[in-house]
Every structure is written in C-alpha cells, then in structure tokens.
Amino acid sequence: MFDCKDVDLYYGAFQALKKVNLRIEKNQITALIGPSGCGKSTFLRTLNRMNDLVAGCRVEGQILLGGTNIYTDVDPIVLRRHVGMVFQQPNPFPKSIYDNIAYGPRLKGITKKSELNDIVERSLRQAAIWDELKDRLHKSALGLSGGQQQRLCIARALAVEPEVLLMDEATSALDPISTAHIEDLAVKLKKDYTVIMVTHNMQQAQRIADKTAFFYLGEMVEFGETNQIFENPQEERTIRYVSGNFG
C-alpha cells in the first residue's frame, strides 16, 4: 500500500524525520509508537500531505501509494480522498449528523438524494453507529457525546471511500468504553481499509495492531510484527520504551 523510501522532513532548518524507510501493507493495522515529539504524528501527516499546510515544511525522499509518488504525481486534494484522517480531538462540523456525512460526497458532485441517503447509512453502519443515530440524522452533530462524535468523524472519512484511514491518537481524548468501541471498529475496518494509527497507548497497539513501528528522535528505529516488537524487541531504545523505563 505505502512504500516509504529515505523520507526526510524539515521544518525550516530543523530536521524532524530522518531517513524513514517503511513498507505498510494493505488491509492491516499499523501502529506508530514512541515518546512525545519523536516524529510519529509528523510521519503520519506525510502520508496525506497534511504537512504541506505548515510554512517552511520540506519533504525529501519518496512516498509511494500503490506505486505512485504522492509528492510528485498526485494532487493533494485527490490524495486526501484516498487517504482519510481522524484526529485526536473529535471535530464534527457544526451541521446536522446527515450533513456531516454527506459533505464529502457532495464535494465530489453527488447530489441525488437517494444516493446520499445510501452513503450516509452505509458510512454510519461501517462506523458502527447507525443504530444510535438513525433517528437523529437531522439534529446537530455537536450534541453527541465525545465517543459518538469520533465515530461520526470516522464515518465522515469513510463516506468518500478512501483506501487508507489515518488515525492520529484518535482515542486519547475518550473514556475507556468509547476507546473500546473505536478499537473494535478499527479491527473490523481493516477488512476493507488499510489503517495506520499513532498511539501513546502501548497496550492499544498490542491489542489491535498487526505491525508496529517505533520512532525515536525522528528516526524509525524498529519495525515488525507487533508481537515481536513487544515480546522480543531488538533495539535497546525500544526495549526501554516497551518496558516502561524510557527516559
């Protein structure tokens, strides 16, 4: 799915990512872990070019999606239709639940009511929240709980039928029950999507990720099967981090 080769990222003179080489497989959950400020969220945002919005940001190396270089051969707006993103804080639009989901499809030119209805229902079902919201579709999304808002944001991302779903600490602001809902949802979604998630919660990575990458000071120092990373880490820095003795 993604093939990243010698990826460097600079904010002005500061180098935030250093020679990251990583191949992310289709229909898997890949977790990015590491201490605060290590570059994992920065790396995640290179995958849909969100860093383009930061003044002075420069990316070198190659990031290929399905063999296509996303920095030279793809318009960023088109790219973000294929690579959706869910942020740390739920960010529903100040619109109805229905209009939150229909927003992206309408931008793509879909205006037929019956088609939009189908998309809204399908997306909310995929996000495992249809039964909770089907009788409230025309009420404000801002009236939902935090966990419901986050699942709504996932449904909104799925409405434009991306290939990849990026999750940037998508459960860190949620209670344990809502977190469990999102984790269960991510496992179900990998049947149809590639899921890449940043998390500070190592237990979360252990529970649901197929592969895990450990970042430290802008470098990816270890990558492999999640069980291998946590049970038998090879890098000293990874050992210290997963054992809780990282300082």
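These are notes on the sheet, the helices packed on it, one helix pair, and the empty spaces in a predicted model.

1. The sheet. Six strands make up an open sheet with mixed pairing, and their order is 6-7-8-3-9-10. Strand 6 and strand 10 (219–225) are the edge strands, each paired on one side only. From one strand to the next the twist averages 20°.

2. One strand pair in detail. Strand 7 (residues 164–168) and strand 8 (residues 194–198) run parallel and are joined by 5 bridges. Within this pairing, valine 164 stands opposite threonine 194 of strand 8.

3. Helices against the sheet. Helix 6 (146–158) lies across strand 6 and strand 7, and its direction is at about 170° to strand 6. Helix 7 (residues 176–189) lies across strand 3 (29–33), strand 7 and strand 8, at about 160° to strand 7. Strand 7 is therefore worth checking from two sides of the description: helix 6 lies across it, and helix 7 lies across it as well.

4. Helix 3 with helix 4. The axes of helix 3 and helix 4 (residues 113–126) come within 9 Å of each other and cross at roughly 115°. The crossing is right-handed. Helix 3 contributes Tyr98, Ile101, Ala102, Pro105 and Arg106 to the contact, while helix 4 contributes Lys113, Leu116, Asn117, Ile119, Val120, Ser123 and Leu124. By class, the contact residues are 8 nonpolar, 2 polar and 2 charged.

5. The largest pocket. Its space amounts to about 590 Å³. The lining has 19 residues, and those nearest the pocket centre are Arg80, Phe93, Arg156, Ala157 and Val160. Two or more lining residues come from each of helix 2 (76–82), strand 6 (83–86), helix 3 (97–107) and helix 6. The pocket lining is made up of 11 nonpolar, 4 polar and 4 charged residues. Two of these elements have appeared above: strand 6 is an edge strand of the sheet, and helix 6 lies across strand 6 and strand 7.

6. The cavity. Searching the whole structure gives 1 cavity of 30 Å³ or more. The volume of the largest cavity is about 40 Å³. Its lining consists of Met167, Glu169, Ala170, Thr171, Met197, Val198, Thr199 and Gln204. These divide into 4 nonpolar, 3 polar and 1 charged. Met197 and Val198 of this lining fall in strand 8, and Met167 falls in strand 7, the two strands that run parallel.

Terms used
Residues numbered from 1 in each chain as written. Predicted model: local features only at pLDDT ≥ 70, side-chain atom pairs only at ≥ 80, totals over all residues. Heavy atoms only, no water. 1 Å grid on protein atoms, 1.4 Å probe; cavity = no way out; pocket = protein on both sides within 12 Å on 5 of 7 lines; lining within 4 Å. Points joined across faces, edges and corners; volume = space filled by probe spheres on them. Helix = DSSP H or I, 4+ residues; strand = E, 2+ residues; numbered from the N terminus. Nonpolar A, V, L, I, M, F, W, Y, C, P; charged D, E, K, R; others polar. Pairing = 2+ DSSP bridges. Axes fitted to C-alpha atoms, helices over the stretch in contact; angles between N-to-C directions. Contact = heavy atoms within 4.5 Å. Left-handed = near helix turned anticlockwise from the far one by under 90°.
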